[in-house]
Amino acid sequence: MTAILEFVKVSYCYPGQDHFALKELELEVPAAEKVAVIGRNGSGKSTLFLHCNGLHQPTSGEVLFAGQGLDYDRRALRSLRQHIGIVFQNPDDQLFSASVVQDISFGPLNLGLDEEEVRRRVEQAAAFCEVTELLERPTHALSGGEKARVALAGVLAMDPDVLVADEVMASLDPWVRLRIFDILNRLHEQGKTILLATHDLDTVTHWATFVVVIQQGAVVFSGEPDALLADKPLLEKTGLGAIWHQPVS
Amino acid sequence: MHVIDRYAYASRIREVDPAYKVGLATVTLLLCLILNEPFVGILAIIWMFFLAVKVAGLPADVFGRVLLAEFTFLALTTVGVALSVTAKDPTAINMWAVKLGPLWFSSSPEALNLAFALLSRALGGTAAMNFLAMTTPLVDLLDFFRRLHIPGLLIDIMTVMYRFVFVLLESLETMYVAQKSRLGYRSFYRGMVSAGLLASRLFIDTYRRAQRLQTAMEARSYDGEFRVLPTTYKQSRQLVFSGVLMVSTLLLVWGIV
């Protein structure tokens, strides 16, 4: 198992707050896995995700991508953000343009690619996320599920190796969820690493190949889903067993 | 806003290069203003109506109703030009006068002509702007401004503002309904309190959204400048042809009168 992302004793405190959102967090994210990140609201999932591509810089500790410690200067961040894409929970926070094409083209143009290549990337990402027929529509005329897929296409157009998705399924209907899982699975088949924050047991047991449990800013478990389900003391300690009604053997 | 936006996207000349549409509308507006001739204004209205309905495929009643609403506003403002109100008998200066109570309402052919000229001139220009607004989505307009090398910062701000009009409208509606369902507007006083809370909440919401947008854009390597693909547009000979024809008829009418 090679780790694509490593967190070494990462602590983070939001400016103006006195408690740490992450407390000496230790984690190795294996490459080319489907990783489910679970944890209660406010446990630090989003904060952890914002550390993945240098949007937050740890107060102390270090984040490593492919064995290299992150560098926080402009140029290094640009190359890092090409490799690690983040999709946010609320697509309205991410879609800045009223034109779907323009929004998807934003990332690849920021990478400094030429127009022809960007057009190719936009078409490819749109086809991959099944939003080709939405390209000419205004953003505000899209449904929630359509916005979610457009937001995903905007990140995939940058062709990242790691896709970090922060609870993107939260307000979507099961039909749209299946389509998004289908997109994530196809990405995984291409050898990409996917991190998905979720509250859904089915996602952990049926989709994920690796699970991370976060509690109060620290990783309390990381490993295969079966190992989590077999760890009776941990399930009891975190309260997950009681909530999930899992036959714990 | 919603309605005009919807027609702009549905317009048959939506994919035509905005330069044509902006050019056509601006030339019409300028001709109405410069030539300063009532019949030019009226002819411009007719042309714009024709272009919007026949060429752009807008429903006639929609274009008509928007124009009618603007007509009402303009007519109200020109009343002041057409009518004079005095306390003394004005028949010495003005031709027609009516006495209502202590006041005289009077007018003259000159005043009426001036009012008519103002109205038709303004309405002609307004019709041209309506044509532009109802056939060109704002995104295309901004794309055109970018080609004109208008400072990128202004265009970026307009891009985000336009997008957020819809986002914030949605969040305003949601909050308003939530307040209403808890009887926030049951009395005038409670209504004022609730509206105040709503406004302050929306302000904070806007601020937080701006921060989240910034984070999300940085995640896609944003570095202070919006780079987006320029849209490829279609050319329209029909529009150029109608434009030339329209300008000639406007100039012709001006020459004759």
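Which strands of chain A does helix α1 (residues 45–52) lie across? Hold that thought for a second, everyone, and thanks for coming. One reminder before we look: this is a predicted model.

So, to the answer. Helix α1 of chain A lies across β3, β6, β7, β8 and β9 of that chain. Its direction is about 145° to that of β6(A).

Now for the sheet underneath our question. In chain A, six strands make an open sheet, and reading across you meet β6, β7, β8, β3, β9 and β10 in that order, with mixed pairing. The edge positions go to β6 (84–87) and β10 (218–223) of chain A; each has a single partner strand, so one side of each is left without a neighbour in the sheet. On average, neighbouring strands here are turned by 15° against each other, if we ignore direction.

Let's zoom in on one pair. Strand β3 (residues 34–38) and strand β8 (residues 193–197) of chain A run parallel and are joined by four bridges. If you want a landmark on screen, find A:V35: its bridge partner in β8(A) is A:L195. A second helix of chain A also packs on this sheet, namely α6 (residues 174–189), which touches β3, β7 and β8 of chain A. The direction of α6(A) makes about 150° with that of β8(A).

Next, a little backbone curiosity. Most residues other than glycine have a negative phi. Two residues in chain A go the other way. A:E167, in the loop between β7 and α6 of chain A, has a positive phi of about 50°. A:Q216, in the loop between β9 and β10 of chain A, has a positive phi of about 45°.

And are these two buried or exposed? A:E167 counts as buried, because it has 20 C-beta neighbours inside 10 Å, and 20 is where buried begins. A:Q216 has 15 such neighbours inside 10 Å, so it counts as partly exposed.

Last stop, chain B, and helix α1 (residues 2–10). The buried residues of this helix are B:D5, B:Y7 and B:A8. Looking down the axis of α1(B), you find them within an arc of 165°, so they line one face of the helix. Turn to the other side of α1(B), and B:H2 and B:V3 are exposed. What covers the buried residues of α1(B)? The cover includes α4 (60–82) and α5 (109–135) of chain B.

That's my tour; over to you for discussion.

Key: Residues numbered from 1 in each chain as written. Chains lettered and ligands numbered in written order. Predicted model: local features only at pLDDT ≥ 70, side-chain atom pairs only at ≥ 80, totals over all residues. Pairing = 2+ DSSP bridges. Axes fitted to C-alpha atoms, helices over the stretch in contact; angles between N-to-C directions. Contact = placed C-beta atoms within 7 Å. Buried ≥ 20, exposed ≤ 12 C-beta atoms within 10 Å, placed from the backbone. Arc of directions from axis to C-beta.
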